[in-house]
Each structure stands twice: as C-alpha cells, then as structure tokens.
Amino acid sequence: MSEPGKHYKERIKHDPQAAEDYVRRKPHKDKAEMDLVRRGFGLTDGVKSVLDAPCGVGRATILLASMGFDATGLDLGESAVEVARRELEKTQLYGEIVTGDLEDLAYDDDFFDAVLCFRVYHHFPNDEVRDRVITELCRVARKYVLISYFSPYSVTSLKRALRKRFTKKKSIQHATNLASIAARFERSGFRLKKNLPQFRFVHTLHLAIFERTN
Ligand SMILES: C[S@@+](CC[C@H](N)C(=O)[O-])C[C@H]1O[C@@H](n2cnc3c(N)ncnc32)[C@H](O)[C@@H]1O
C-alpha cells in the first residue's frame, strides 16, 4: 500500500491538539458510547484477546483492559498513539498500544479472539476502502468483529442529510445500511449476531456484532 489512509487523511489523528481534544469530549457522550461497547462485549463468549482498531486516544482499549481482556490498541495517528499510551499508563492496567494501518494489519490470521472497530467506518469514503478494512478485520479475528456504523434511519442522519441538501455542504460522514455491511462480512465468513443501536431512531451510532461461521 503506497500511502496508508490516503483517501481520508484528514481523519487520521496526527495532530496533538485533535488528540487532546478527543480526551476531553463531552463526558455523557463518551459514557454512552463506552456503554455500547460494554454491551457488545457482553454478548461475546470465549474471548480473551481483543484488538481495538482504531484506538484513537485509547478510551475503548482502557475499557476493555478494565473488563479483563488482553487488549491491544492500534492507530495510524502519531498523536493518537502517543496520547493513548499515556492514558493507558495512567490507569496501570495491562495493555498495549501500537502504530498500524487498518487496511493492512501486521498480524497473522485469527491472531485475536475479537476485534473492535469503533467510530471510524462512517469516515471511509468509498467501497474499496470499506472492503479492504472489513477483509483485514475478519482475517485477524478468530471469533468476533464488533463494528460501529452510522445508521441512515435516525433523527441525526435525517438532520445531517437535510443540512447537506440545503447548505450544499459536503458531508465527511457516511451513513450505511446494515445489509451492505453484513454482505461484506458474509464474504469473509462472518454472520450478524446482533445489532445494537446506541438509542433507537434517535442516535445514528450502532454497534454490529459479527461472528465467524466457519
Ligand atoms: C474518531 S477516532 C475513533 C477512535 C476510537 N475508536 C474511539 O472511539 O475513541 C478515529 C481514529 O481512526 C484513526 N484512523 C483513521 N484511519 C486509520 C487507518 N487506516 N488505520 C488506523 N487508524 C486509522 C484516526 O487516527 C483516529 O484516531
């Protein structure tokens, strides 16, 4: 791969300020999102090792480590990795933060029991990137992939679509229907186990849990 993440460069957290700002996001939003991740992992079984990719500033990696998983956080953004390492160290929980590219993961097949891919899918600009990332996530996951996506069937998505239409603003976030995501997972030997909305019809963020079939 010539340049990792070249189609959505502006979303990669190389900038220290962007990484620090993410640490200080609205606490209620952060809590609701981490509750969703917690609920998702509550539906898995036989999971010990988890890859959190991308980890951003490490909030889900820390949550997973606190839940007793053997957690590895991975991100392409230099500042994200730096801040995630610092935040993880503060907790004194066991875990690892590494630099890596979602489109080309440096792990053997089935390396992790589960992979979490949270709050990035909606940034992917085209099907080529979506296919590449899902193929990679499924390749390194022995049993589960938990992936968040923006549902088009929500008040927030509707508002975003209207804003886009009337202001002609180019949206950098893409809502996707679950069927198209499930079809990609099916091609990699995974089926949908459960789809968890953060809050049905209001919030756009959903977490889908896929399980290996073979
Ligand atoms: C919105 S943040 C979400 C991070 C984390 N999952 C969370 O919810 O806190 C998206 C992250 O994806 C990372 N990212 C974007 N493209 C990537 C790629 N191809 N490989 C690895 N990380 C990537 C960015 O650097 C950024 O830290």
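Select Arg-119 in this predicted model. Arg-119 is partly exposed because 18 other C-beta atoms lie within 10 Å, and a residue counts as buried only from 20 upward. The residue sits in the loop between strand 4 and helix 5 (127-140). Check its backbone: the phi of Arg-119 is near 60°, a positive value in a residue other than glycine.

**Asp-110 and Asp-108**

Go back along the chain to Asp-110, in the loop between strand 3 and strand 4 (112-117). Its phi is also near 60°, again positive in a residue that is not glycine. Asp-110 is partly exposed, with 13 other C-beta atoms within 10 Å.

In that loop between strand 3 and strand 4, select Asp-108 next. Is Asp-108 buried or exposed? Asp-108 has 9 other C-beta atoms within 10 Å, so it is exposed. Now add Val-140 to the selection. The two residues are 32 apart in sequence, yet their C-alpha atoms are 6.2 Å apart in space.

**Asp-127**

Move to Asp-127, in helix 5. Asp-127 counts as exposed because it has 11 C-beta neighbours inside 10 Å. Draw a distance from its C-alpha to that of Asp-101: the pair is 26 residues apart in sequence and 17 Å apart in space.

**Ile-97**

Select Ile-97 in strand 3. This residue is buried, with 24 other C-beta atoms within 10 Å. Which residues is Ile-97 in contact with, leaving aside its neighbours within four places in sequence? They are Cys-55, Gly-58, Thr-61, Gly-73, Val-81, Ala-84, Arg-85 and Leu-88. Of these, Val-81, Ala-84 and Leu-88 are among the buried residues of helix 4, which is the next main stop. Before leaving, show Tyr-153 as well. Ile-97 and Tyr-153 are 56 residues apart along the chain, and their C-alpha atoms are separated by 34 Å.

**Helix 4**

Select residues 78-91, which form helix 4. How many residues does helix 4 have, and what span does it reach? The helix has 14 residues and reaches 21 Å from its first C-alpha to its last, close to the 20 Å expected at 1.5 Å a residue.

Colour Ser-79, Ala-80, Val-81, Val-83, Ala-84 and Leu-88, the buried residues in this helix. An α-helix has 3.6 residues a turn, so residues three or four places apart point the same way. Keep that in mind when rotating the view. The elements covering the buried residues of helix 4 include helix 1 (16-23), helix 3 (59-66), strand 2 (70-75) and strand 3 (95-99). Then step just past the end of the helix to Gln-92, where phi is positive at about 60°.

**Helix 1 against helix 4**

Two packed helices are described by the angle between their axes and the distance between the axes. For helix 1 and helix 4, the axes come within 8 Å and cross at roughly 40°. The two helices are therefore oblique to each other. The crossing of helix 1 past helix 4 is right-handed.

Show the side chains at this contact. On helix 1, select Pro-16, Ala-18, Ala-19, Glu-20 and Val-23; on helix 4, they meet Ser-79, Ala-80, Val-83 and Glu-87. By class, this contact has 6 nonpolar, 1 polar and 2 charged residues. Ser-79, Ala-80 and Val-83 were coloured earlier as buried residues of helix 4.

**Helix 2 against helix 3**

Now select helix 2 (residues 27-42) together with helix 3; their axes come within 11 Å and cross at roughly 50°. Helix 2 and helix 3 are therefore oblique to each other. Helix 2 passes helix 3 in a right-handed crossing.

Which residues of helix 2 meet helix 3? They are Asp-30, Met-34, Val-37 and Arg-38, and on the helix 3 side the partners are Arg-59, Ala-60 and Leu-63. The residues of this contact divide into 4 nonpolar, no polar and 3 charged.

**Last stop: Pro-54**

Finish at Pro-54, in the loop between strand 1 (49-52) and helix 3. Centre the view on the peptide bond that joins Ala-53 to Pro-54. This bond is cis, with omega about 5°.

Conventions. Residues are numbered from 1 along each chain as its sequence is written. This is a predicted model: local features need pLDDT of at least 70, side-chain atom pairs count only at pLDDT 80 or more; totals for chains, interfaces and linings use all residues. Helices (H or I, at least four residues) and strands (E, at least two) are DSSP runs, numbered from the N terminus. The expected span of a helix is 1.5 Å times one less than its number of residues. A residue is buried if 20 or more other C-beta atoms lie within 10 Å of its own, exposed if 12 or fewer, and partly exposed in between; C-beta atoms are placed from the backbone. Two residues are in contact if their C-beta atoms, placed from the backbone, lie within 7 Å. Axes are lines fitted to C-alpha atoms, for helices over the stretch in contact, and angles run from 0 to 180 degrees between N-to-C directions. Angles under 35 degrees count as roughly parallel, over 145 as roughly antiparallel, 65 to 115 as roughly perpendicular and the rest as oblique. A crossing is left-handed if the near helix is turned anticlockwise from the far one by less than a right angle, and right-handed if clockwise. Ala, Val, Leu, Ile, Met, Phe, Trp, Tyr, Cys and Pro count as nonpolar, Asp, Glu, Lys and Arg as charged, and the others, Gly among them, as polar.
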